[in-house]
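Welcome to this guided tour. Please open your viewer, keep the selection tool at hand, and follow the stops one by one.

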Amino acid sequence: VAKVGLKAVRSSVQEAKPLADALTKAGGLTAARTDYSPAEVKAYVAEVLSKGDAARGELVYRRKDATCLACHAIAGAGGQVGPDMTSIGASAQVDYLVESILMPDKAVKEGYHALKVSTLDGKVVVGVKTREADGKLYLRTSEDKEIAIPEKDIDEKAQSRSLMPDGLGDQLTRQEFVDLIRFLSELGVE
């Protein structure tokens, strides 16, 4: 129960550290790490290059419990919450890919910064801005749904943390993580 609750809390962009801490303690779980040193990232990169298997990594990417496809598409297949992965390997170095999963708030791709919008009636919506038109602000939420909020109803807008939850790498074995990064690093590379 604690694992399921913690996964939900980590998937939420709302700040809920006390709840996450309580669930972690109650379930005897480990907290999501987001403090990887440059040496640890470098070790992952070396392992990806020497031991990573792209075919196994694709299987990890496509697994429902890994949730990659819920937010990221490859050639249009998958979610639209995060960047399309079709050619990520051609544009991103392996260390960037490692850091993007282990520390999702470190470097958010341009155009994917989340907004936290508070409305005059007390609702809070967090998502990536897709457009502004007809007096409305459109946000794509972490559930991959587009929400339209009338500008006249907005009380406050502020930048939020990445929609990509902390701890996604913690759900994988080290080999699965290494294979996943190898798969992503080869997308779009000829």
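Start with a surface view of the chain: the accessible surface comes to about 10800 Å², and 54% of that area belongs to carbon and sulfur atoms. Accessible areas come from the Shrake-Rupley method with a 1.4 Å probe, and for residues only the protein chains shown count as cover. You are looking at a predicted model, in which local features need pLDDT of at least 70 and side-chain atom pairs count only at pLDDT 80 or more, while totals for chains, interfaces and linings use all residues. Residues are numbered from 1 along each chain as its sequence is written, and side-chain values use heavy atoms, with hydrogens and water left out.

**The whole chain**

Switch to a cartoon view. You can find eight helices and seven strands in the chain; helices (H or I, at least four residues) and strands (E, at least two) are DSSP runs, numbered from the N terminus. Turn the model around: the C-alpha trace spans about 55 × 45 × 30 Å along its principal axes.

What radius of gyration does the chain have? The value is 18 Å, which agrees with the value near 16 Å for a compact globule with 190 residues. This radius is taken over C-alpha atoms, and the globule rule is 2.2 Å times the number of residues to the power 0.38.

Buried residues make up 39% of the 190 residues. Buried means under 20% relative accessible area, exposed means over 50%, and partly exposed lies in between (1.4 Å probe, protein chains only). Now think about contacts, meaning heavy atoms within 4.5 Å. Among contacts between residues at least 6 apart in sequence, 59% join residues at least 24 apart.

**Helix α8 and its partners**

Two packed helices are described by the angle between their axes and the distance between the axes. Axes are lines fitted to C-alpha atoms, for helices over the stretch in contact, and angles run from 0 to 180 degrees between N-to-C directions.

Select residues 38-51 (helix α3) and 174-186 (helix α8): their axes come within 9 Å and cross at roughly 75°. The two helices are therefore roughly perpendicular to each other. The cut-offs are under 35 degrees for roughly parallel, over 145 for roughly antiparallel and 65 to 115 for roughly perpendicular, with the rest called oblique. Show the side chains where they meet: the α3 residues include A43, Y44 and V48, and the α8 residues include F177, V178 and I181. By class, this contact has seven nonpolar, two polar and five charged residues. Here Ala, Val, Leu, Ile, Met, Phe, Trp, Tyr, Cys and Pro count as nonpolar, Asp, Glu, Lys and Arg as charged, and the others, Gly among them, as polar.

Keep α8 selected and add helix α4, residues 54-62. Their axes are 7 Å apart, and the packing angle is about 100°. So α4 and α8 are also roughly perpendicular to each other. Among the residues in this contact are V60 and Y61 of α4 and L180, F183 and L184 of α8. The contact of α4 with α8 divides into six nonpolar, two polar and six charged residues.

Next, pick L97 in helix α7, residues 94-102. Is L97 buried or exposed? L97 is buried, with a relative accessible area of 5%. Leaving aside neighbours within four places in sequence, L97 is in contact with I88, A92, I181, L184 and S185. Try the distance tool too: the C-alpha atoms of L97 and R182 are separated by 9.3 Å, although the two residues are 85 residues apart along the chain.

**Strands and loops**

Move to L115 in strand β3, residues 114-119. The C-alpha atoms of L115 and K157 are separated by 6.6 Å, with their places 42 residues apart along the chain.

Now select the loop between β5 (136-140) and β6 (146-150), where D144 is found. D144 has phi near 65°, a positive value in a residue other than glycine, and is partly exposed at 25% relative accessible area. T141 is found in this loop too, but counts as buried at 6% relative accessibility. Beyond four places in sequence, the contacts of T141 include V81, I147 and L163.

Your last stop is A75, in the loop between β1 (73-74) and β2 (77-78). A75 has a positive phi near 55° and is exposed, with a relative accessible area of 63%.
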